[in-house]
Amino acid sequence: MKDLFIKIKSKLGIAIRKSYELPLWKWLIVCFVLSVIEVVLLEILGRRSILTPFVFIFHNPIIFVYNILIVYFTLSISLLFKRRGFAMGLIMILWLAVGTINFVLLGYRITPFSAIDFLMFSDVLSMFNIYFNMIQRIAIVAGVIIFIIIIVIAFLKTPIIKGKVNYIQGSIVVLVSFTIVYIMTFVALETSLISDKFTNLGTAYKSYGFAYCFSNSVIDQGISKPDDYSEALINEIAYHALGTADDVNDIKWHYKNNQKQYPDIIIIQLESFIDIGRVNGVHTNIESIPNFKKFEEEYPSGFLTVPAIGAGTANTEFEILTGMKSKIFGAGEYPYKTVLTHTPCESMAQILLKEGYGTHAIHNNKAKFYSRDESYANLGFQTFTSLEYMKHYNKTLTGWAKDDCLPGEILAAMDYDEQSDFVFTISVQGHGRYPKSELKSIEHVKVTLDSEDPELTNQFGYFVNQCYEMDQMIGELKNTLDKRGKDYVLVLYGDHIPSLTFEDGQFNTGKENQTEYVIISNFDTGLEDKDIYSYELSDYLLRALGFKPGIIQDIHKAYFDEDLINSQINETSSDETADSTDEAATSEENESEEKTPFDKNVHEIQYDMLYGGKYIYNSIEPYGRVDMRLGLYDTAISAINYNSSTGSIVVRGENFTTFSKILINEERMPTTYIDENTIMIIPEEVSAPPEIGDTFVVAQIDKDKHELSRSASMNYSGE
């Protein structure tokens, strides 16, 4: 075996050396052949099928060739290196690596892999234990290690080209191949053969190919500058839009101590929450969301068209809060991870903050997920209570925090100050991955499937029972709000459908990009049942409550053509998994929405507000970054005790949680949580008694070891 390996290695080395002697035209042929193979492999991985890619190739030969040219351009870069074989192999492996990542991700979510996922790397690591079992985790780590070892060995062992590299020839090839790709991209976009605006990322990948879509996601970030962008045009748009600012409901709020008393506004975005009765072939023995169904009958409700399917929570949230369209940003981009980390943005929180509201965000997941700890401050939230600041919560068997902790946190935020409050809450209990091997949930609702597939039955069973518990939470919250006796508005909606396997046409009402919403209140808002977009809700709600909305809401009122938009929705095919011809047609119909005057003006204004000259604000930023605090109340130390008989160090104080960690002279110590007033370092972790003068601090540390906040320090004074 050893001799065989040496023989193969020797022949491979000789073949590589001989290949360096090939004339340039033969190298170009090699690059082209390898590009064809690479693109076919990427499509097989991306479609998770061996046959479907060839249907795509047959129906879309020009797009197939275009994808080949993109890969060919990247491979041609290897002609500029002395280790030509290594460079070409590395580029091929990197393409294959992102294709493999896409293949794995599509097993857990509907959204394909895109460049923005690199920014989500830390968030992915935090969910590693939830999505992969121990064997899978070991296999992934081992695979990464093997991949790195192979790259290093290949670099060391791959022969170097003799003589000088002909950089002129190589540069000409790279330049020509880039020019061909550039020209073909321009022509394909102009003729609508492809699109650079992906209304549905999954459909785009199937319609235009992995190589193009992934490359586009790398290049296309932020909002592109409109060709006709100018101060004069923005002023023209604003002149018409601002005329709608006073078009609000006339609501007479009561007064207390000579101050107008506005209603508390609570919005809850329910993770993956839908009515399972919409799905054909799935049956339950009782109603799975009885409270929500009851609310739909009693209060204004309808379908909510969201920008995501099976994933993308943050973009639904972004559209609800800002009234902006996330699809105007780069392919697969999350504004929370990009522009909103450093740019203040108009939002419901900013608008209501100016009206005297207290603004609070709540999420029973980690603070840094989707960079909410940074973006929320730019959206106008004064406080953000994440999981690290919650004293009491339970977890699902898959590791997510249950939503039964949310009513208490919402009420605490409302009691935090004397103002009326805007409380924006994001739940997490319904989050995937949904277990296949067993139910892993209390079975409140018995779920059966026509298919009788045991794995799918477990997945749907788990999901439906999480929705049942989430529904119990909103029922409890409403009862509590009713008892408070203060005017309130409670908005409930799902962020997207769950990342489960749905067959074509399986939804009997609504579409895959629609969830349900309901607007509950203990007074008459004047609203009626209506299907709306997620980016419409802020305008819809603020005007109903008598508030003068922001600029984006004025754009909605002035330019949104409901009949035109809805007619396009009705014409759009819901079949997103058919053959490539249907996918291309579906995508083209979806993109037609971008051609409306409303979308053109929204594009202009969003660019101006976030990237341009802020002409809409007379070049003055009216909204600033809020000095947001994490958690409602400070963590504080009141006493430090060393128990010489047991060898433990006990710290007493206030507002401790399971994420509170003791730091001694800035060294993080293993900390055991006792209760909200007591944490300790157990004897096994105490190497030596503390010394007089040692500085103690209690910090909130998330599970990825990031410090979020800390208490005031206290010096140890001894017994």
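# Exercises on a predicted model

In this predicted model, the cover over the buried residues of helix H21 includes helix H13 (231-241), helix H15 (313-322), helix H16 (348-354), helix H20 (537-544) and helix H24 (597-610). The exercises below begin with that helix and then turn to salt bridges, a sheet, a surface patch and the backbone.

## Exercise 1. A covered helix

Task: Determine how many residues of helix H21 (residues 551-559) are buried, and which they are.

Solution.
1. The criterion for a buried residue is a relative accessible area under 20%.
2. Eight of the nine residues of H21 meet this criterion, and the helix is mostly covered.
3. The buried residues are Ile-551, Ile-552, Gln-553, Asp-554, Ile-555, His-556, Ala-558 and Tyr-559.
4. Two of the covering elements, helix H20 and helix H24, reappear in the next exercise.

## Exercise 2. Salt bridges within helices

Task: For the pair Asp-539 and Arg-543, state the N to O distance of the salt bridge and explain the spacing in helix H20. Then treat Lys-600 and Glu-604 likewise.

Solution.
1. The test for a salt bridge is a side-chain nitrogen of Lys or Arg within 4 Å of a carboxyl oxygen of Asp or Glu.
2. Asp-539 and Arg-543 satisfy the test with an N to O distance of 2.4 Å.
3. Because Asp-539 and Arg-543 are four residues apart in helix H20, about one helical turn separates them.
4. An α-helix has 3.6 residues a turn, so residues three or four places apart point the same way.
5. Both partners are buried: Asp-539 has a relative accessible area of 11%, and Arg-543 has 6%.
6. In the pair Lys-600 and Glu-604, the closest N and O atoms are 3.5 Å apart.
7. This pair lies in helix H24, again with a spacing of four residues, about one turn of the helix.
8. Here Lys-600 is partly exposed at 38% relative accessibility, whereas Glu-604 is buried at 1%.
9. Asp-228 joins Lys-600 and Glu-604 in one network of salt bridges that share partners.

## Exercise 3. A salt bridge between distant parts of the chain

Task: Locate the two partners of the salt bridge between Asp-704 and Lys-366, and decide for each whether the residue is buried or partly exposed.

Solution.
1. By the salt-bridge rule, the count for the model comes to 23.
2. In the bridge between Asp-704 and Lys-366, the closest N and O atoms are 2.5 Å apart.
3. Asp-704 belongs to the loop between strand S20 (695-701) and strand S21 (707-710), and Lys-366 to the loop between S6 and H17.
4. The partners are 338 residues apart, and the pair links distant parts of the chain.
5. Asp-704 has 23% relative accessibility and is therefore partly exposed.
6. Lys-366 is buried, with a relative accessible area of 4%.

## Exercise 4. An open sheet

Task: Give the strand order of the open sheet of four strands, identify its edge strands and describe the pairing of S14 with strand S15.

Solution.
1. The order is S14-S15-S19-S18, with antiparallel pairing.
2. Strand S14 (636-643) and strand S18 (672-675) are the edges, since each pairs on one side only.
3. From one strand to the next, the twist averages 25 degrees.
4. S14 and strand S15 (residues 648-654) run antiparallel and are joined by seven bridges.
5. Within this pairing, Asn-643 has Ser-648 in S15 as its bridge partner.

## Exercise 5. A nonpolar surface patch

Task: Identify which helix contributes the largest share of the nonpolar patch.

Solution.
1. The patch has an area of about 690 Å² and consists of Leu-94, Ile-140, Val-144, Phe-147, Ile-148, Val-152, Phe-155 and Leu-156.
2. Helix H9 (residues 134-157) supplies seven residues, the largest share.
3. Val-152 is found in helix H9; at 45% relative accessibility, Val-152 is partly exposed.

## Exercise 6. Backbone features

Task: State where Tyr-370 lies and where Asn-665 is found, and characterise the peptide bond that joins Gly-432 and Arg-433.

Solution.
1. Tyr-370, a residue other than glycine, has a positive phi near 60 degrees.
2. Tyr-370 lies in the loop between strand S6 (358-363) and helix H17 (372-378), and is buried at 7% relative accessible area.
3. Asn-665, also not a glycine, has a positive phi of about 50 degrees.
4. The loop between strand S16 (660-664) and strand S17 (667-668) holds Asn-665, which is partly exposed at 44%.
5. The bond between Gly-432 and Arg-433 is cis, with omega about 10 degrees.
6. Arg-433 is in the loop between strand S8 (421-426) and strand S9 (447-449).

Methods: Residues are numbered from 1 along each chain as its sequence is written. This is a predicted model: local features need pLDDT of at least 70, side-chain atom pairs count only at pLDDT 80 or more; totals for chains, interfaces and linings use all residues. Side-chain values use heavy atoms; hydrogens and water are left out. Buried means under 20% relative accessible area, exposed over 50%, partly exposed in between (1.4 Å probe, protein chains only). Two strands pair if DSSP finds at least two bridges between them. Axes are lines fitted to C-alpha atoms, for helices over the stretch in contact, and angles run from 0 to 180 degrees between N-to-C directions. Patches are made of residues with over 30% relative accessible area and no salt bridge: like charges are joined within 9 Å, nonpolar side chains (Val, Leu, Ile, Met, Phe, Trp, Tyr) within 5 Å. Accessible areas come from the Shrake-Rupley method with a 1.4 Å probe; for residues, only the protein chains shown count as cover. Contact means heavy atoms within 4.5 Å.
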